[in-house]
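Colleague: Please take one part of this model and go through it closely. I would like the second largest pocket, with its surroundings in the chain.

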Amino acid sequence: MEEDHLLAIVLSLYARRRRRGRKRSVWVRRIYQQRLKQGEYHNLYQEMRLHDPESHFRYIRMTRERFDLLLQEVGPYLLHRTYNSSLRPQVSPAERLILTLRYLCTGNSQISLSFNFRLGRSTVCEILKETCDAIWNALHLAYLKAPSTEQEWIRISRNFETMWNFPNCIGAIDGKHIVIQAPMNAGSTFYNYKGKHSIVLLAVCDAG
C-alpha cells in the first residue's frame with residue numbers, strides 16, 4: 001500500500017510538471033489581436049466621445065470633461081502598468097479607466113468585458129484591480145478624508161441639525177449588498193434575506 005501511494009504521488013507530480021511545461025498553441029488569440037481596430041474602447045467609446053455627449057454620459061455616468069479630470073488625477077498611477085509589444089499593444093491609462101468605470105457602473109461580468117474590449121479575461125481582472133487601487137490612491141485624501149479636528153466634527157454636527165433636524169449627529173451609516181459567489185463550504189455565512197449570497201459594503205457620510 002505504501003509503494004502504491006508513493007507511485008501515485010510520483011505520477012501526479014509528473015503529470016503536473018508536464019502540464020506546466022506545455023507550450024501555448026496561441027500566444028494571443030486572434031480576436032484579441034484586433035483590439036485596436038474593433039475593441040469597444042477604440043470604436044464605440046471614441047464615437048460617443050466625439051459625437052454623442054448624451055450617450056457618453058450614459059455609458060460611464062459622467063461627462064467627457066469630468067472623465068478627463070479624473071484621468072488627469074488617476075493616469076499617473078497607471079503609467080507604469082502599461083506595456084507594449086508587436087503582439088500585445090499597450091493598454092493605455094485611458095482605456096484602463098474606461099473599462100473599470102464600465103465595470104463599476106454596470107456590473108457587467110469580467111468575461112463580458114473581455115469580449116467587448118478584446119482583452120484576455122486575466123488581463124481584465126488585473127486591470128480592474130490595479131485601476132481601483134489607482135483611483136483610491138489618487139482620490140481618497142481629497143474626497144474621503146476623515147475629520148481630524150474638533151472643529152470639523154462640530155461643523156458636521158451643526159450641519160446635521162440645520163439640514164435634517166438631527167442634533168448631536170456626526171455621521172449617517174448606510175449599507176449595500178454586493179452579490180458574490182460564496183466560497184465553498186460557507187454554509188449560510190454569506191446568505192442574506194434577499195435569498196442571495198453577498199457581502200455588505202458600509203459607508204458613513206456627513207450631512208451633505
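Modeller: What follows starts with the chain as a whole and then turns to the pocket, the cysteines and one buried glutamate.

This is a predicted model, in which local features need pLDDT of at least 70 and side-chain atom pairs count only at pLDDT 80 or more, while totals for chains, interfaces and linings use all residues. Residues are numbered from 1 along each chain as its sequence is written, and side-chain values use heavy atoms, with hydrogens and water left out.

The protein chain has 10 helices and 2 strands (DSSP runs numbered from the N terminus: helices are H or I of at least four residues, strands E of at least two). Along the sequence the order is α-α-α-α-α-α-α-α-α-α-β-β. Of the 208 residues, 26% are buried (under 20% relative accessible area; exposed is over 50%, partly exposed in between, with a 1.4 Å probe and protein chains only).

The second largest pocket has a volume of about 350 Å³. A pocket here is an open set of points on a 1 Å grid over the protein atoms alone, where a 1.4 Å probe fits, with protein on both sides within 12 Å along at least five of seven lines; lining residues have an atom within 4 Å of a point. The volume is the space filled by probe spheres set on the points, which are joined across faces, edges and corners. The lining consists of 14 residues, and those closest to the centre are Lys145, Ala146, Pro147, Val204 and Asp206. Helix 10 (150–164) and strand 2 (198–205) each give at least two lining residues, and helix 10 has the largest share, with 4 residues. By type, the lining holds 9 nonpolar, 1 polar and 4 charged residues (nonpolar: Ala, Val, Leu, Ile, Met, Phe, Trp, Tyr, Cys and Pro; charged: Asp, Glu, Lys and Arg; polar: the others, Gly among them).

As for the cysteines, the structure holds 0 disulfides (pairs of cysteine sulfur atoms within 2.5 Å). Cys169 is in no disulfide, and the nearest cysteine sulfur, that of Cys205, is 8.9 Å away. Cys205 is likewise in no disulfide. Cys169 is buried at 19% relative accessibility, whereas Cys205 is partly exposed at 45%.

Elsewhere, Glu95 sits in helix 7 (residues 93–106) and is buried, with a relative accessible area of 1%. Beyond its neighbours within four places in sequence, Glu95 is in contact with Arg35, Tyr41, His42, Phe117 and Leu119 (contact: heavy atoms within 4.5 Å).
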